[in-house]
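Reader: I have a model open on my screen and would like to know how its labels are earned. Could you take me through the reasoning?

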Amino acid sequence: MKFGRVITGAALLAVVTACGSGTTTEGASGGGGKVGIDHPRADSDFWNSYIKYVPQMASELKVDLMPATNSQNDVSKLVNNVQALVGQGAKAIVMAPQDTGAVANTLQQLENKKIPVVSVDTRPDKGKVYMVVRADNRAYGTKACEFLGEKLGGKGKVVQLQGALSSINGRDRSEAFLECMKTKFPDITVFSEPTEWEGSKAASMLQTRLEQNPDIKGIYMHAGGVHLAPTLQVLKQKGLLVQPDDPKHIFVVSNDGIPQEYDAIRKGEIDATMSQPADLYAKYALFYAKAALEGKTFQPGPTDHDSTIIQLPNGLEDQLPAPLVTKENVDDKNLWGNQVG
């Protein structure tokens, strides 16, 4: 994965005009100002990695970043944190709402105050956003389906450990996975378990499914950051944490691309993951927040950092690359999960 160039000043304007053609979204008019940021949680290895990247990227991009808040997966705390950041002088807000349907009023209030919003990883269902920075989450579900479908030879049973279906990410991954299975692998039975992004629920649901269906041969985890450890624990307890060439092996594909997943791939405990770019999430969230304060506009189309900006009903979305990682490419030094100290 390319880390991309740091772009400021006049070079940023070149990127704006090179992004494509079509409808544009206006940011706040001219100048600059403080950027407020709310982190969504600190109980996930993925989000903790993202949090570590934020100050580094703020320094590189010369963003006037305020001390971060953390809403701890609670939308009411997110609302309160945003209000506090605005009260302390934030002129742009970076957030990652985990309940994407519950932030519309907050986004409306920010729009009324002409405070642009960049949403990271999740796309709010309603309410204006200057830019959403995320990967194509439907592609996650499709890639996971294709990987498991091929490994299972198109037959058998798999468990899908879903995130929260109140989140656009959970819905996108789940719907795409199920649609792909129905279309390409109709002889595979899928058990979908809504874990609400909670590891304890994932462990309980997986254990129950394995007891009821001991012939399950595949698992798709929506988020390795919260699902990996409990999944490995359950498989170990049941004597199923074995190498891929063992007949008892259950093929596991995940999302996130954290170092722990890469270690599990190297050990043969899981088989693949999607590298959700924590580094690029941090970089381009701040990049667009700064651009908004400078009055820049963007258009749908390809970017210079291997992504594509698409038009949303309520703004724009920069869909960053998220490659599939297997034993063949797990040691690629360009993957952010291999750059974490």
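Author: Let's start with Ser-119, which sits in strand β4 (residues 117-120). Keep in mind that this is a predicted model.

Reader: Is Ser-119 buried or exposed, and how do you know?

Author: Its relative accessibility is 0%. Buried means under 20%, so Ser-119 counts as buried. Leaving aside neighbours within four places in sequence, Ser-119 is in contact with Met-95, Pro-97, Pro-124, Val-129, Met-131, Val-132 and Val-133.

Reader: Some of those are in β5, I think. What makes strand β5 (residues 131-135) "mostly covered"?

Author: Five of its five residues are buried. On one side you have Met-131, Val-133 and Ala-135, and on the other Val-132 and Arg-134. Both faces of β5 are covered.

Reader: How do you know that β4 and β5 are paired?

Author: Two strands pair if there are at least two bridges between them. β4 and β5 have three bridges, in the parallel sense, and Val-120 stands opposite Val-133 in β5. β5 is also joined to strand β13 (residues 315-320) by four bridges, again running parallel. There, the bridge partner of Val-132 is Glu-317 in β13.

Reader: Next, the six-stranded sheet. Why are β7 and β14 called edge strands?

Author: The order in this open sheet is β7-β6-β8-β9-β10-β14, with mixed pairing. β7 (188-194) and β14 (324-325) each have a single partner strand, so one side of each is left without a neighbour in the sheet. Further in, β8 (residues 218-221) and β9 (residues 251-256) pair in the parallel sense over three bridges, and Tyr-220 stands opposite Val-253 in β9. Helix α6 packs on this sheet, touching β6 (156-162), β7, β8 and β9. The direction of α6 makes about 165° with that of β6.

Reader: α6 also has a helix for a partner. Why are α5 and α6 called oblique to each other?

Author: Helix α5 (residues 137-151) and helix α6 (residues 168-184) pack at an angle of about 40°, with their axes 7 Å apart. Roughly parallel would need an angle under 35 degrees, and roughly perpendicular starts at 65, so α5 and α6 are oblique. Their crossing is right-handed.

Reader: What sort of residues make up the contact of α5 with α6, by class?

Author: There are eight nonpolar, five polar and seven charged residues. The α5 side includes Arg-138, Tyr-140 and Glu-146, and the α6 side includes Asp-172, Arg-173 and Phe-177.

Reader: What about α7 and α8: at what angle do they cross?

Author: The axes of α7 (residues 199-212) and α8 (residues 224-237) cross at roughly 35° and come within 8 Å. This crossing is right-handed too. Among the residues in contact are Ala-203, Leu-206 and Leu-210 of α7, with Val-226, Pro-230 and Val-234 of α8. By class, that contact has eight nonpolar, five polar and no charged residues.

Reader: Last one. Val-340 is in the segment after β14. What makes Val-340 "partly exposed"?

Author: Its relative accessible area is 31%. Buried would be under 20% and exposed over 50%, so Val-340 is partly exposed. Leaving aside neighbours within four places in sequence, Val-340 is in contact with Tyr-53 and Pro-259. The C-alpha atoms of Val-340 and Ala-285, 55 residues apart along the chain, are separated by 19 Å.

Methods. Residues are numbered from 1 along each chain as its sequence is written. This is a predicted model: local features need pLDDT of at least 70, side-chain atom pairs count only at pLDDT 80 or more; totals for chains, interfaces and linings use all residues. Side-chain values use heavy atoms; hydrogens and water are left out. Axes are lines fitted to C-alpha atoms, for helices over the stretch in contact, and angles run from 0 to 180 degrees between N-to-C directions. Helices (H or I, at least four residues) and strands (E, at least two) are DSSP runs, numbered from the N terminus. Angles under 35 degrees count as roughly parallel, over 145 as roughly antiparallel, 65 to 115 as roughly perpendicular and the rest as oblique. A crossing is left-handed if the near helix is turned anticlockwise from the far one by less than a right angle, and right-handed if clockwise. Contact means heavy atoms within 4.5 Å. Ala, Val, Leu, Ile, Met, Phe, Trp, Tyr, Cys and Pro count as nonpolar, Asp, Glu, Lys and Arg as charged, and the others, Gly among them, as polar. Buried means under 20% relative accessible area, exposed over 50%, partly exposed in between (1.4 Å probe, protein chains only).
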